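This report describes the fold of one protein chain together with the residues around its ligand. The sequence and the structure are shown first, and the description follows.

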Amino acid sequence: MLVDLKRNHLKDIFEYSKDPEFSRYIGMGMPNRLKDVKPFLTLILTENKSGRRKYFGIEIEGKVIGTAGLLNINTSSNSAELGYGLSRKYWGTGIMKAHVDQIIKIGFEDMGLEFLTVGTGILNVRSNNFIKKSGFSYTNSLNDKSWYKLQKVTYENCCT
Ligand SMILES: CC(C)(COP(=O)(O)OP(=O)(O)OC[C@H]1O[C@@H](n2cnc3c(N)ncnc32)[C@H](O)[C@@H]1OP(=O)(O)O)[C@@H](O)C(=O)NCCC(=O)NCCS
């Protein structure tokens, strides 16, 4: 279930983020202490408030086991970037795919966006495979990241 993120989700986020397999390809470094993930959550809460993001917690049985949503929301180009991260315990279960599908729907149908992008580490094979399964097409590689794009028209033709 997608839920609004709150400050008291910090402990849940830390619990799965301290796994080096989780954090090796993402920008938060390798968190060792609870306070290491605080900047990540604070940024989400601040940007959610300002409208630059629409980012959620993924909750199961009262526990946040991942986050996903839209960042860098750009009202001029009507676009946003998709981001996602899930506790390793749940990889391969289809949980992230189901939640990302919901977020894509929110982006195109509720927010009226024209296209979505994803930038993921070139070496993050799992994430590169995952995002192609979610309908995105590879566009280019830049600064150690592979970039993918999904146009609204492509989404409408495949998934509505
Ligand atoms: C990226 C992430 C959300 C994907 O979720 P997931 O549950 O692992 O994804 P799925 O299992 O649905 O899909 C991953 C694909 O990679 C494949 N895969 C599995 N293990 C793999 C491996 N070791 N190497 C490469 N591909 C692998 C899977 O088979 C699957 O493809 P398939 O369904 O066609 O077989 C999750 O791995 C994650 O949170 N990683 C850590 C955070 C992260 O890297 N976020 C991305 C930041 S941009």
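## Basis of the description

Two strands are said to pair when DSSP finds at least two bridges between them, and strands themselves are DSSP runs of E with at least two residues, numbered from the N terminus. The model described here is predicted.

With that criterion, strand β6 (residues 137-142) and strand β7 (residues 145-151) are joined by five bridges and run antiparallel.

## Overall architecture

The protein chain contains six helices and seven strands, and along the sequence these elements follow the pattern β-α-α-α-β-β-β-α-β-α-β-β-α. The radius of gyration is 15 Å, close to the 15 Å that the globule rule gives for 160 residues, so the chain is as compact as a globular protein of that length. The C-alpha trace spans about 45 × 30 × 30 Å along its principal axes.

Of the 160 residues of the protein chain, 29% count as buried. Among the contacts between residues at least 6 apart in sequence, 49% join residues that are at least 24 apart.

## The sheet and its strand order

The seven strands form an open sheet in the order β1-β2-β3-β4-β5-β7-β6, and the pairing within this sheet is mixed. Its edge strands are β1 (2-4) and β6, each of which pairs on one side only. Neighbouring strands of the sheet are turned against each other by 30 degrees on average, direction ignored. In general, the strands of a sheet pair through backbone hydrogen bonds, in either a parallel or an antiparallel sense.

## From β1 to β4

At the β1 edge, three bridges join β1 to strand β2 (residues 54-60), and the two strands run antiparallel; in this pairing Val3 has Gly57 of β2 as its bridge partner. On the pairing of β2 with β3, seven bridges are found, again in the antiparallel sense, and here Gly57 stands opposite Thr67 in β3. β2 and β3 form a hairpin with two residues between the strands, in which Glu61 takes a positive phi near 45 degrees. The antiparallel arrangement continues between β3 and β4, which are joined by seven bridges, with Ala68 standing opposite Tyr84 in β4.

Gly69 is placed in strand β3 and is buried, with 26 other C-beta atoms within 10 Å, where 20 or more are required. Leaving aside residues up to four places away in sequence, Gly69 touches Arg53, Lys54, Tyr55, Phe56, Gly83 and Ile103. Of these contacts, the one with Phe56 joins residues 13 apart in sequence, whose C-alpha atoms are 5.7 Å apart in space.

Thr75 offers another setting, in the loop between β3 (63-74) and β4. Thr75 counts as exposed because it has 12 C-beta neighbours inside 10 Å. The C-alpha atoms of Thr75 and Val118, which are 43 residues apart along the chain, are separated by 17 Å.

## The β6 edge and helix α5

At the β6 edge, the number of buried residues among the six of strand β6 is zero, so this strand lies largely in the open. Within the pairing of β6 and β7, Ser137 stands opposite Lys149 in β7. These two strands form a hairpin with two residues between them, and Asn143 in the turn has a positive phi of about 50 degrees.

Helix α5 lies across β5 (115-121) and β7, and runs at about 160 degrees to β5.

## Surroundings of the ligand

Which residues come nearest to the ligand? Of the 19 residues around the ligand, those that come nearest are Leu86, Trp91, Val125, Ser127 and Asn129. The elements that give two or more residues to this shell are β4 (79-86), α4 (95-110) and α5 (125-133), and the largest share, six residues, comes from α5. Helix α5 therefore links two parts of this description, as it lies across β5 and β7 and also gives the largest share of the shell around the ligand.

By residue class, the shell around the ligand divides into nine nonpolar, seven polar and three charged residues.

Key: Residues numbered from 1 in each chain as written. Predicted model: local features only at pLDDT ≥ 70, side-chain atom pairs only at ≥ 80, totals over all residues. Near = placed C-beta within 6 Å. Helix = DSSP H or I, 4+ residues; strand = E, 2+ residues; numbered from the N terminus. Nonpolar A, V, L, I, M, F, W, Y, C, P; charged D, E, K, R; others polar. Rg over C-alpha atoms; globule rule 2.2 N^0.38 Å. Contact = placed C-beta atoms within 7 Å. Axes fitted to C-alpha atoms, helices over the stretch in contact; angles between N-to-C directions.
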